[in-house]
Amino acid sequence: MLAASLVGTAVEFYDFYVYATAAALVFGQLFFPAESTAAQQMFSFMSFGLAFVARPVGAIAFGHFGDRLGRKSTLVGSLLLMGASTLLIAFLPTYAMVGWVAPLLLCILRFGQGFGLGGEWGGATLLAVENAPKGWEARFGSAPQLGAPVGFLAANGLFLLLGLGLSDQAFTAWGWRVPFLLSAVLVVIGLWVRLSIGETPAFKEALEKAPPPKVPLGMVLRHHWGSVLAASAGVVSAFAIFYLATAFTLSHMTLERGAEREVILGLQLGANLFLALGIVLAAVGSDRYGSGKMLGWGAAATIVLGAVFGQVLTEGSLPLLFVTIAAALLVMGFVYGPLGGWMPALFPVTVRYTGMSIAFNAGGIVGGAVAPIAAQNLSADGATPLIGLLLSVAGLMTLAGVILARPVGAEA
């Protein structure tokens with residue numbers, strides 16, 4: 001079960017991060033009109049953000065079937081949709097080839113990526129948590145979160161190798177398509193792992209006591225809307241830290257400050273190890289002290305992080321940038337790692353998939369879509385030092401979510 005949660009999530013996050021890296025490096029110039037570099041990059045990040053709009057829609061759809069039919073089959077469907085959307089991006093024509101059709105097709109496939117990922121995290125987390133031994137819920141629940149640094153390592157590592165092995169012309173012409181093509185291999189591995197598992201004991205037990213709700217979304221909105229709001233706020237920091245420290249930082253450092261693409265990718269890959277460390281430490285601490293407490297500590301650290309982040313992006317040296325990114329991803333581990341133990345307790349088993357998926361992806365809109373676009377706007381206006389305030393606001397939102405959350409227990 002842990003392998004299925006980790007591998008499947010790593011594959012899907014690989015697909016998502018491949019797009020994030022390509023959006024930061026080449027999608028602006030390849031798929032959007034050449035008005036200006038800043039405008040192209042803004043359009044590129046807007047296409048990136050489109051998936052965060054699609055994710056809550058996918059969360060509703062996959063959550064419905066996950067709560068009615070089971071975790072396993074729903075997770076297989078989400079993986080297939082995500083993989084097909086990613087693979088097809090490799091074959092897209094550019095704006096120079098077909099004009100406005102190019103960004104339209106890119107946005108359609110990006111929506112497909114987001115729709116598929118919308119049903120991923122909640123199901124993968126429940127697959128782990130609902131099979132966890134007593135007292136190990138947070139550690140088991142961290143397995144899907146560990147898929148994030150694994151997927152990021154594979155995605156950015158591949159882009160780094162391509163950047164080192166190809167000229168800029170070759171990379172822009174065709175090299176960026178390779179990571180999208182290779183996603184097909186990873187999807188096959190993920191499907192093989194997930195098809196070999198069974199349903200979770202908690203879901204089977206809930207079905208024995210009562211039939212599943214006909215419309216899980218309706219039950220969530222009627223009886224658990226407060227948990228949805230609290231949980232949505234609780235995940236904002238994780239998304240904001242990650243996409244500001246990775247996709248936005250990569251774009252800003254290469255386009256605005258003229259740093260070498262491979263250097264920034266290398267720094268981020270090294271800092272990625274601190275994300276994995278933070279997730280593990282937070283998961284162990286969550287089982288010992290409580291997931292809410294660990295998440296609250298991470299939120300407080302996010303507020304402090306915001307005080308220095310923007311200034312380092314503006315004028316910090318590369319060594320200082322590495323320390324800042326590493327610290328940011330370590331802090332992210334403390335607002336991401338506890339989520340698997342914290343969020344399931346906010347919803348009963350019969351609507352957990354729906355409630356968690358909606359909350360996780362709604363928070364992703366604020367942290368993962370709005371934050372990078374707002375950061376790009378600040379950068380274009382010459383206000384890069386203020387970007388750190390976005391992290392501080394995200395930390396305050398997560399802290400509010402922790403304070404307002406009310407666990408409801410395991411039964412409806």
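Let's start with a pair of side chains: Arg 261 and Asp 168 meet in a salt bridge, at 3.3 Å from N to O. Arg 261 sits in helix α14 and Asp 168 in helix α9, which covers residues 168-175, so this pair ties together parts that are 93 residues apart in sequence. Before I go on, please keep in mind that what you see above is a predicted model.

If salt bridges are new to you, here is the basic idea. Side chains of opposite charge can pair when their charged atoms come close.

Now, is Arg 261 buried or exposed? With a relative accessible area of 14%, Arg 261 is buried, because the cut-off for that word is under 20%. Its partner Asp 168 is partly exposed, at 49%.

Arg 261 has another partner too. Its side chain also meets that of Glu 262 in a salt bridge, and here the N to O distance is 2.9 Å. Glu 262 has 16% relative accessibility and counts as buried. Put these pairs together and you get a network of salt bridges that links Asp 168, Arg 261 and Glu 262.

How many salt bridges does the model have? The count comes to three. Let me show you another one, between the side chains of Asp 287 and Arg 139, at 2.7 Å from N to O. Asp 287 belongs to helix α14, residues 261-289, while Arg 139 is in helix α7, residues 137-141, so this pair ties together parts that are 148 residues apart in sequence. Asp 287 is partly exposed, with a relative accessible area of 21%. Arg 139 is partly exposed as well, at 28%.

Next, let's look at how helices pack. Two packed helices are described by the angle between their axes and the distance between the axes. In our model, take helix α13, residues 225-255, and helix α18, residues 352-380: they pack at an angle of about 35°, and their axes are 6 Å apart. What kinds of residues make up this contact? Sorted by class, there are 17 nonpolar residues, nine polar ones and no charged ones. As for handedness, α13 passes α18 in a right-handed crossing.

While we are on α13, find Ser 227, which has its place in that helix. Ser 227 counts as buried, at 9% relative accessibility. Its C-alpha atom is separated by 5.9 Å from that of Leu 346, although the two residues are 119 apart along the chain.

You can find another such pair starting from helix α1, residues 2-31, where Val 11 lies. Val 11 is buried, with a relative accessible area of 6%. Between the C-alpha atoms of Val 11 and Ala 154 the separation is 9.2 Å, and these residues are 143 apart along the chain.

Finally, let's move to the surface. Which residues make the nonpolar surface patch of about 490 Å²? They are Tyr 95, Trp 100, Leu 104, Leu 105 and Ile 108. The largest share of that patch, three residues, comes from helix α5, residues 101-118. Leu 104 is in helix α5, and with a relative accessible area of 41% Leu 104 is partly exposed.

If you want to explore on your own, go back to Arg 261 and trace the network from there to Asp 168 and Glu 262. Thanks for listening!

Terms used. Residues are numbered from 1 along each chain as its sequence is written. This is a predicted model: local features need pLDDT of at least 70, side-chain atom pairs count only at pLDDT 80 or more; totals for chains, interfaces and linings use all residues. Side-chain values use heavy atoms; hydrogens and water are left out. Axes are lines fitted to C-alpha atoms, for helices over the stretch in contact, and angles run from 0 to 180 degrees between N-to-C directions. Helices (H or I, at least four residues) and strands (E, at least two) are DSSP runs, numbered from the N terminus. A crossing is left-handed if the near helix is turned anticlockwise from the far one by less than a right angle, and right-handed if clockwise. Ala, Val, Leu, Ile, Met, Phe, Trp, Tyr, Cys and Pro count as nonpolar, Asp, Glu, Lys and Arg as charged, and the others, Gly among them, as polar. Patches are made of residues with over 30% relative accessible area and no salt bridge: like charges are joined within 9 Å, nonpolar side chains (Val, Leu, Ile, Met, Phe, Trp, Tyr) within 5 Å. Accessible areas come from the Shrake-Rupley method with a 1.4 Å probe; for residues, only the protein chains shown count as cover. A salt bridge is a side-chain nitrogen of Lys or Arg within 4 Å of a carboxyl oxygen of Asp or Glu. Buried means under 20% relative accessible area, exposed over 50%, partly exposed in between (1.4 Å probe, protein chains only).
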